[in-house]
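Q: Please take a close look at a single helix in this model. Start with the chain around it, then go into the helix itself.

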Amino acid sequence: MPGADHHQNTGPALSLEGLSRDYGERRALGGVSVELDAGESLVVLGPNGAGKTTLLRVLATLLRPSGGRALVLGCELPDEAWKLRGQIGYLGHEPLLYRDLSGRENLRFHARLHGIERNEAEERIAELLEAVAMERRGEDRVVELSAGMRQRLAICRCVLHRPALLLLDEPDSNLDAEGRELARRLIGPGEGRTRVLVTHDPERYAADADRVLRLAVDERAVAA
Amino acid sequence: MTPSRTAFAAILAKDLRAELRTLQSLPAMALFAITTFVIFRFALDRTTLSGNLAAGVLWSTLLFAAVLGINRLFVAEREEGGFDAIRLAPVDRTVLFAAKATALFVFLAVLELIAVPVFALFFLDSGAGLPPLVAVLVLADLGLAATGTLISSMAVNSRARDLLVPLVLLPLVVPLMIAATGATSPLLELGGPGYERFGTWLAVLGLYDLIFLLVGYAVFDFLLED
């Protein structure tokens, strides 16, 4: 499993100092400083436009930071971003699934991208589809699935390669009560999972948070 | 890192499976080519073509049909998150360039399997020039696949994608088209294929392919950066 090849990190899982990101002249994310140890959960709160999604995309190495320092799993961004690939499970607004492939085909595709052996991948995919109660819908094309079903598949895709760090942007989006409960088993706190979770629902996640980061529009972020 | 051949096979298989399932590119490319041949047949009011004119009709039609496929090459990656998925995986990003260029090469080959026999049926007296034409088609397709993949990956983030691809691609493939028509023209002469400067034109095509494959390999990583 790729998890065995994870970059060995003895320091904090996440260490940010004055991290910022600009889009042209506009500052989308400014002055974020926070530390997070392995196995902890950081809940990121803030109004629309505060930079929550931008923060996750920077941590996922999908965006380059404009300023400050970001150390993720011991890797300095952006210079050592390549070392992080395969160690992050990213669940964004888009499910990152091809509409014309089935759920199972999508998961096989991602498994191959992450270098998971065929037999091992089939076992892992079956296990995950069962975990989100999708084993009977695994052969359906993504375009035929409801938004909630796609989110369940996206969660499977996010944890398929057993990432060391989960970056979750509104993970409960489109999920019903059963879906939220099933998802919690895969991406919830505990079992040593290190998570950065963006939400608009602080009450729901308050109990899970080891740390809380509040982002504000045009203001410096405050870590609590 | 995931072995490049594994990632390459995964991306290529995904693209071919998606095309087989949705038929979004190939039928449109083939239909465009056949319709254009019909238009040429009536517009030129000729039942047979040879030499430069035959080569020009064949290559201009194939090129514009190819543009349809090139336009759509990265649409799924852009709209369905494929770019992000590949950037998150421990994969050498140039593998995406290689896989996409190969997929485009396969699309062009399938297009030509349909379009060239139709062209021969409409315009050629004899099929004697077709076997050596395969070498020209293969080399020109390689160049088109390399250039088309590069331009398509740059244009896909633009809302004016459909406009940008032909505007940027067509000037870049002028040398390729000159060499392809130069090599094709003697093959389609009346009275049987000739091989005047055939080898030279094939060498030019090969050089063009090499240059654009290397350029694609060198710059593709930067094109995927935010």
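A: Along the sequence, chain B reads α-α-α-α-α-α-α-α-α-α. That is 10 helices and zero strands. Helices here are DSSP runs of H or I with at least four residues, strands are runs of E with at least two, and both are numbered from the N terminus. The model is predicted: local features need pLDDT of at least 70, side-chain atom pairs count only at pLDDT 80 or more, and totals for chains, interfaces and linings use all residues. Residues are numbered from 1 along each chain as its sequence is written, while chains are lettered from A and ligands numbered from 1 in the order in which they are written.

First, the overall form of the chain. The C-alpha trace of chain B spans about 60 × 35 × 30 Å along its principal axes. Its radius of gyration is 18 Å, which agrees with the value near 17 Å for a compact globule of 226 residues. That radius is taken over C-alpha atoms, and the globule rule is 2.2 Å times the number of residues to the power 0.38. Of the 226 residues of chain B, 47% count as buried. Buried means that 20 or more other C-beta atoms lie within 10 Å of the residue's own; exposed means 12 or fewer, partly exposed is in between, and C-beta atoms are placed from the backbone. Contacts in chain B reach far along the sequence: among those between residues at least 6 apart, 85% join residues at least 24 apart. A contact needs two C-beta atoms, placed from the backbone, within 7 Å.

Now the helix. α9(B) covers residues 174–187, which is 14 residues. From first C-alpha to last, α9(B) reaches 20 Å, close to the 20 Å expected at 1.5 Å a residue. The expected span is 1.5 Å times one less than the number of residues.

Burial is the main point here. In α9(B), 10 of the 14 residues are buried, so the helix is largely enclosed by the rest of the structure. The buried set begins with L176(B), then A179(B), A180(B), T181(B) and G182(B). A183(B), T184(B), S185(B), P186(B) and L187(B) are buried as well.

What do the buried residues of α9(B) pack against? They pack against three helices of chain B: α3 (51–72), α7 (130–155) and α10 (198–223).
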